[in-house]
Amino acid sequence: MPNEPGMPDATGRAVVVERFAIIMGAVMTVRELRLVVTAADYDEALRFYRDVLGLPERAAYSSPDGRVTILEAGRATLEIADPSQAEFIDRVEVGRRVAGHIRVAFEVDDSAAVTAELAGAGATVVAEPVRTPWNSLNSRLEGPAGLQLTLFTELGEAADPQGAR
């Protein structure tokens, strides 16, 4: 039975089976966006995103090289890897350590309430919720694993449909 895409095989190498290409006339499609986050404090990041923010755990894997947990995040996933696992993945896919950090946006039902809840769990509020030109209520926080987070709640039709996101 073949390994799941991106999971290590018996030699410890990630199995790469999905490609962004057209091969022999067949269109290969992307089925999932997976954001991989390297967390120096893996346990704190996992507690915050899984237990406080409430992202359900899809799968967890560990090996002598490290740990990784895949969390469901609505229409995408948030994958939290410790530094050893992230370095391993980079070595397999690129040959050296290259990955960095980005801002992550989560659509939630009540961005003001979730902002307060995450702040109470240790996140630093960078900006309280503000109504945007595209008619969402957005806040900005610094969360575990060095991630800058945007929490947003869609409020309906955009007040300014030309507003840039």
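Okay, one bit of vocabulary before I start: when I say helix or strand, I mean a DSSP run, H or I over at least four residues for a helix, E over at least two for a strand, numbered from the N terminus. And please keep in mind that this is a predicted model.

So, the layout. There are three helices and ten strands in the chain. Reading from the N terminus, the order goes β-β-β-α-β-β-β-α-β-α-β-β-β. Of the 165 residues in the chain, 36% count as buried. If you take contacts between residues at least 6 apart in sequence, 48% of them join residues at least 24 apart.

Let me start with α1, residues 42-52. Which residues of this helix are buried? They are Y42, A45, L46, F48, Y49 and V52. As a reminder, an α-helix has 3.6 residues a turn, so residues three or four places apart point the same way. You can see that kind of spacing in the buried set, for example in Y42, A45, L46 and Y49. What covers these buried residues? The cover includes β5 (66-73), β6 (76-81), β7 (103-107), α3 (111-120) and β10 (148-154). Then, just after α1, we come to G54, with a positive phi of about 90°.

Two neighbours in α1 deserve a look. F48 has 0% relative accessibility, so F48 counts as buried. Y49 is also at 0%, so Y49 counts as buried too. The count of aromatic pairs in the model comes to one. That pair is F48 and Y49: the ring centres are 4.9 Å apart and the planes sit at 85°, so we call it edge-to-face.

Staying with Y49, what does this residue touch further along the chain? Leaving out residues up to four places away in sequence, Y49 contacts G54, L55, L71, L78, I80, F106, G143, P144, L147 and L149.

That brings me to the core. The largest nonpolar core has 25 residues, and those touching the most other members are Y49, I80, F106, L118 and L149. Two or more residues come from each of α1, β6, β7, α3 and β10. Which element gives the most? That's α1, with six residues. As background, nonpolar side chains in soluble globular proteins tend to be buried together.

Now over to β7, and V104 in that strand. Is V104 buried or exposed? The cut-off for buried is under 20% relative accessible area, and V104 has 7%, so V104 is buried. Setting aside residues up to four places away in sequence, V104 touches L35, L147, Q148, L149 and T150. There's also a long-range approach here: V104 and L151 are 47 residues apart along the chain, with 8.6 Å between their C-alpha atoms.

If we move on into the loop between β7 and α3, we find V108. At 15% relative accessibility, V108 counts as buried. V108 touches V114, L151, F152 and T153, again not counting residues up to four places away. V108 and E154 are 46 residues apart in sequence, but C-alpha to C-alpha they are 8.4 Å apart.

For contrast, look at E117 in α3. E117 has 45% relative accessibility, so E117 counts as partly exposed. The C-alpha atoms of E117 and L53 are 8.3 Å apart, with their positions 64 residues apart along the chain.

On to the second largest pocket. How much space lies in it? About 520 Å³. There are 20 lining residues, and the closest to the centre are A73, A76, A105, F106 and E107. β6 and β7 each supply at least two residues of that lining, and β7 gives the most, with five. By type, the lining divides into 14 nonpolar, two polar and four charged residues. Notice F106 turning up again: F106 is one of the residues closest to the pocket centre, and also among the core members that touch the most others.

Last stop, a backbone detail. Most residues other than glycine have a negative phi. A145, though, has a positive phi, near 70°. You'll find A145 in the loop between β9 (136-142) and β10.

That's my tour. Happy to rotate the model if anyone wants another look.

Technical notes. Residues are numbered from 1 along each chain as its sequence is written. This is a predicted model: local features need pLDDT of at least 70, side-chain atom pairs count only at pLDDT 80 or more; totals for chains, interfaces and linings use all residues. Side-chain values use heavy atoms; hydrogens and water are left out. Buried means under 20% relative accessible area, exposed over 50%, partly exposed in between (1.4 Å probe, protein chains only). Contact means heavy atoms within 4.5 Å. A nonpolar core is a set of buried Ala, Val, Leu, Ile, Met, Phe, Trp, Tyr and Cys residues joined through side-chain atoms within 4.5 Å. On a 1 Å grid over the protein atoms alone, a cavity is a set of points where a 1.4 Å probe fits but cannot get out, and a pocket is an open set with protein on both sides within 12 Å along at least five of seven lines; lining residues have an atom within 4 Å of a point. Grid points are joined across faces, edges and corners, and a volume is the space filled by probe spheres set on the points. Ala, Val, Leu, Ile, Met, Phe, Trp, Tyr, Cys and Pro count as nonpolar, Asp, Glu, Lys and Arg as charged, and the others, Gly among them, as polar. Rings of Phe, Tyr and Trp (its six-membered ring) pair if their centres lie within 6.5 Å; planes under 30 degrees apart count as stacked, over 60 as edge-to-face and the rest as tilted.
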